[in-house]
Structure formats: C-alpha cells, structure tokens
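Visitor: Could you take me through one part of this protein closely, and then show me how the rest fits around that part? I would enjoy a connected account rather than a list.

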Amino acid sequence: MEPGEPQQPIPECPICYIPYDNIFQTPLLLPCSHTFCLECLSRLCVFLKQSQALQCPLCRASVSIPHGGVPNLLPNMAVITQFPPWMQTLQEVWLDGYKLYCIQKPLSSGQVSASEESPEMLITVELLHNPAPRDTHLADLIHVHRPLHLSMCRQLCHALWEYRIRVFWVTVLLGVLTVLLMSLIYK
C-alpha cells in the first residue's frame, strides 16, 4: 500500500458487528469457511459440553471444538493480513469456564528503558453476565489451566479466590480459637 492511499476498513464480525482485532475479536475460520470473532464463538459455546459440537451460525455446519475451547480454533490469516502491522501479532487468549483471559503488555514508550520490565495487564471478558445456571455443573464447561508463566502471586490469588469459602471459614475458626485462648489466658 502506498503512503497516500486510504486504508481499507478492517472487516467486522457478522454476529456482533465489531471490527476484528488481535485479542478477543480475533477472526476465527471455521471449517465451513465462515469467519467469526473469538468472543462471539465463545459466547455460543459457553454451555456446550466438551464432547458437543458447535453449529456454524450461518450455514449450521457442525464444527468440532478443539481441546481447550474456541481460542484454539484456527485464525483467519487472510483477514489478519489486512490489519495494521502492529496488530498482526495475535495475543494469547485462553478460556476458563465462562471467562476469556489475555495477558497484555503495554506498548513500549520512550520513557521506559529496555532493561526495565513493563507491567503486564490481565484482561478478562465475562461471557455471561451471571454465572452458569444452577443446573449446569462447572465440570461440564470447558476449562483450561492458565499458562505457566503467570507469577506466583497471581497463582496464589487465584487459589485463594477458588477456595474463598474454605478460607473464610478457616479464618473465622482461627479467630474464634484466638478469642477463646485469649479469654482463658487472661482469666
């Protein structure tokens, strides 16, 4: 493309009408040759069991979901090559239950030296406004473990959040025991 030529608009997802990007609106190519964004396909698959297939929203062709969910479908490289150069590197996105995650580093600026590590941001998209219905078991939803490069702090925070009810009751129990011991000691 010549410098003076107008840039073509980036194609958009036929479901949400949002232009494709290199994160959550990554264009994914289905075997039937139709393309949809990662977020829309993930929303369509959120209640599918791992053994179930997705139906293409346009032609109803059956699409097997790979292990790890919709983020592991193949991207449509013909659409991605239409992106500006800085968007042609796809970001790693993973699915955990009914949320999509991506770790994104901010764009480097002239103020940050090359030796300093730029902070990362965990970006989350909730596929449901409310958690799964009560009759849906989390074991039926597709789960993928987070990448190994997450920091220990994030892993600890995730573990505490996952076991928050147990942590709460253990904390209450320890508090009650502390009060009882203090009352026995100071009698």
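Guide: Gladly; here is a walk that starts at the C-terminal helix and then visits some single residues. Please keep in mind that this is a predicted model.

Let us begin with helix H4, which covers residues 164-185 and contains Leu180. A record helps to place this stretch: an unreviewed UniProt entry lists residues 167-186 as "transmembrane region". The model can be set beside that annotation, since the chain over residues 167-186 is 95% helix and 0% strand. The C-alpha atoms at the two ends of that range are 28 Å apart.

Now look at the side chains here. Ile165, Phe168, Trp169, Val170, Val172, Leu173, Leu174, Val176, Leu177 and Leu180 make a nonpolar surface patch of about 980 Å². Leu180 is a good member to click on: its relative accessibility is 48%, so it counts as partly exposed. A residue needs over 50% to be called exposed, and Leu180 stays under that mark with its 48%.

With that part in mind, let us step back to the whole chain. The protein has four helices and seven strands, and from the N terminus on they follow the order β-β-α-β-β-α-β-β-β-α-α. Of its 187 residues, 29% count as buried. The accessible surface comes to about 13200 Å², and carbon and sulfur atoms account for 61% of that area. As for how the chain is connected, take the contacts between residues at least 6 apart in sequence: 56% of them join residues at least 24 apart.

Asn22 gives a local view of such packing. This residue sits in the segment before strand S1 (27-29), and it counts as buried because its relative accessibility is 10%. Leaving aside residues up to four places away in sequence, Asn22 touches Phe83, Trp86, Met87, Thr89, Leu90 and Gln91. With Thr89 there is also a polar contact to inspect: a polar atom of the Asn22 side chain lies 2.9 Å from the backbone oxygen of Thr89.

Charge pairing is the next stop. Side chains of opposite charge can pair when their charged atoms come close. The count for this model is one salt bridge, and the partners are Glu39 and Arg43, whose closest N and O atoms are 2.6 Å apart. Both residues lie in helix H1 (residues 38-45), four residues apart, which is about one turn of the helix. Their surroundings are worth setting side by side: Glu39 is buried, because its relative accessible area is 15%, whereas Arg43 is partly exposed, with 34%.

Finally, as a computational chemist you may like to check two backbone angles. Tyr17, in the segment before S1, has a phi near 60 degrees, a positive value in a residue other than glycine. Its relative accessibility is 58%, so Tyr17 counts as exposed. Ser33 also has a positive phi, near 80 degrees, and is likewise a residue other than glycine. You will find Ser33 in the loop between S1 and strand S2 (35-37), where it is exposed, with a relative accessible area of 57%.

Key. Residues are numbered from 1 along each chain as its sequence is written. This is a predicted model: local features need pLDDT of at least 70, side-chain atom pairs count only at pLDDT 80 or more; totals for chains, interfaces and linings use all residues. Side-chain values use heavy atoms; hydrogens and water are left out. Patches are made of residues with over 30% relative accessible area and no salt bridge: like charges are joined within 9 Å, nonpolar side chains (Val, Leu, Ile, Met, Phe, Trp, Tyr) within 5 Å. Accessible areas come from the Shrake-Rupley method with a 1.4 Å probe; for residues, only the protein chains shown count as cover. A salt bridge is a side-chain nitrogen of Lys or Arg within 4 Å of a carboxyl oxygen of Asp or Glu. Buried means under 20% relative accessible area, exposed over 50%, partly exposed in between (1.4 Å probe, protein chains only). UniProt positions are given in the numbering used here, feature names are shortened, and annotations may be inferred rather than shown by experiment. A polar contact is a pair of N or O atoms within 3.5 Å; within protein, one must be able to donate a hydrogen and the other to accept it, and residues adjacent in sequence count only if both atoms are side-chain atoms. Contact means heavy atoms within 4.5 Å.
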